[in-house]
Amino acid sequence: MSLIQRIDALLPQTQCGKCGHPGCKPYAEGIANGEAINKCPPGGDETIAGLARLLNIPVMELDISRGPAPAQVAFIREAECIGCTKCIQACPVDAIVGAAKQ
């Protein structure tokens with residue numbers, strides 16, 4: 001894997017834009033080009049530590065000016081589910097397991 005791919009694999013894949021980029025991969029490209037590793041509120045301290053280890057640089061504190069990243073939980077209303085898989089396609093972090101008509 002390239003450095004950008006390894007960095008991107010450590011990011012949370014929420015595509016939230018709080019880092020100033022339109023998604024996690026563009027932020028990974030920025031980090032590979034020397035951008036700070038502390039701009040990802042959803043990733044938090046764990047992501048910063050992983051990036052620091054990968055890049056062999058010091059751990060930084062999260063840039064709190066980028067806003068909070070409250071935990072998000074998806075709830076599937078099974079009684080209403082028709083098995084269309086739209087929820088699976090929409091989830092940015094692959095948190096939903098299922099298949100068509102299930």
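The legends below describe close-up views of a predicted model.

**View 1. The largest nonpolar core of the model has 12 residues.** Its members are Ile-7, Leu-11, Cys-19, Cys-24, Tyr-27, Ala-28, Ile-31, Ile-37, Cys-40, Ile-48, Leu-51 and Ala-52. Two elements, helix 2 (24–32) and helix 3 (44–55), each give two or more residues to this core. Helix 2 supplies the largest share, four residues. In soluble globular proteins, nonpolar side chains tend to be buried together.

**View 2. Ile-7, one of the core residues, is shown with its contacts.** When residues up to four places away in sequence are not counted, Ile-7 touches Ala-28, Ile-31 and Ala-32. Leu-51, Leu-54 and Leu-55 are also among the residues that Ile-7 touches.

**View 3. Cys-19 lies in the loop between helix 1 (3–10) and helix 2.** Is Cys-19 buried or exposed? Cys-19 counts as buried, because its relative accessibility is 9% and the limit for a buried residue is under 20%. Leaving aside neighbours within four places in sequence, Cys-19 is in contact with Tyr-27, Glu-35, Lys-39 and Arg-66. Cys-19 and Ile-4 are 15 residues apart in sequence, and their C-alpha atoms are 16 Å apart in space.

**View 4. Cysteines are shown in a structure that holds zero disulfides.** Why does Cys-19 form no bond with Cys-16? The sulfur of Cys-16 is the closest cysteine sulfur to that of Cys-19, but the distance is 6.3 Å, so the two are too far apart for a bond. A disulfide needs the two sulfur atoms to be within 2.5 Å. Cys-81 is in no disulfide either, and the nearest cysteine sulfur, that of Cys-87, is 6.2 Å away. Cys-81 counts as partly exposed because its relative accessibility is 40%.

**View 5. The largest cavity has a volume of about 60 Å³.** How many cavities of 30 Å³ or more are there? The count comes to one. The residues that line the largest cavity include Leu-11, Thr-14, Gln-15, Cys-16, Gly-17 and Cys-19. Also among them are Gly-23, Cys-24, Tyr-27, Lys-39, Cys-40 and Pro-42. By class, this lining divides into seven nonpolar residues, four polar and one charged. Leu-11, Cys-19, Cys-24, Tyr-27 and Cys-40 belong to the largest nonpolar core and are also in the lining of the largest cavity.

**View 6. The second largest pocket holds about 340 Å³ of space.** Which of its 17 lining residues are the closest to its centre? They are Ile-76, Arg-77, Cys-81, Cys-87 and Ile-96. The lining of this pocket has 10 nonpolar, four polar and three charged residues. Cys-81 and Cys-87, two of the residues named here, also appear in View 4.

**View 7. Gln-13 and Thr-85 are shown for their backbone angle phi.** Most residues other than glycine have a negative phi. Gln-13 is not a glycine, yet its phi is positive, at about 60°. Gln-13 sits in the loop between helix 1 and helix 2. With a relative accessibility of 23%, Gln-13 counts as partly exposed. Thr-85 is likewise not a glycine and has a positive phi of about 70°. Thr-85 is placed in the loop between helix 3 and helix 4 (86–90).

Methods: Residues are numbered from 1 along each chain as its sequence is written. This is a predicted model: local features need pLDDT of at least 70, side-chain atom pairs count only at pLDDT 80 or more; totals for chains, interfaces and linings use all residues. Side-chain values use heavy atoms; hydrogens and water are left out. A nonpolar core is a set of buried Ala, Val, Leu, Ile, Met, Phe, Trp, Tyr and Cys residues joined through side-chain atoms within 4.5 Å. Buried means under 20% relative accessible area, exposed over 50%, partly exposed in between (1.4 Å probe, protein chains only). Contact means heavy atoms within 4.5 Å. On a 1 Å grid over the protein atoms alone, a cavity is a set of points where a 1.4 Å probe fits but cannot get out, and a pocket is an open set with protein on both sides within 12 Å along at least five of seven lines; lining residues have an atom within 4 Å of a point. Grid points are joined across faces, edges and corners, and a volume is the space filled by probe spheres set on the points. Ala, Val, Leu, Ile, Met, Phe, Trp, Tyr, Cys and Pro count as nonpolar, Asp, Glu, Lys and Arg as charged, and the others, Gly among them, as polar.
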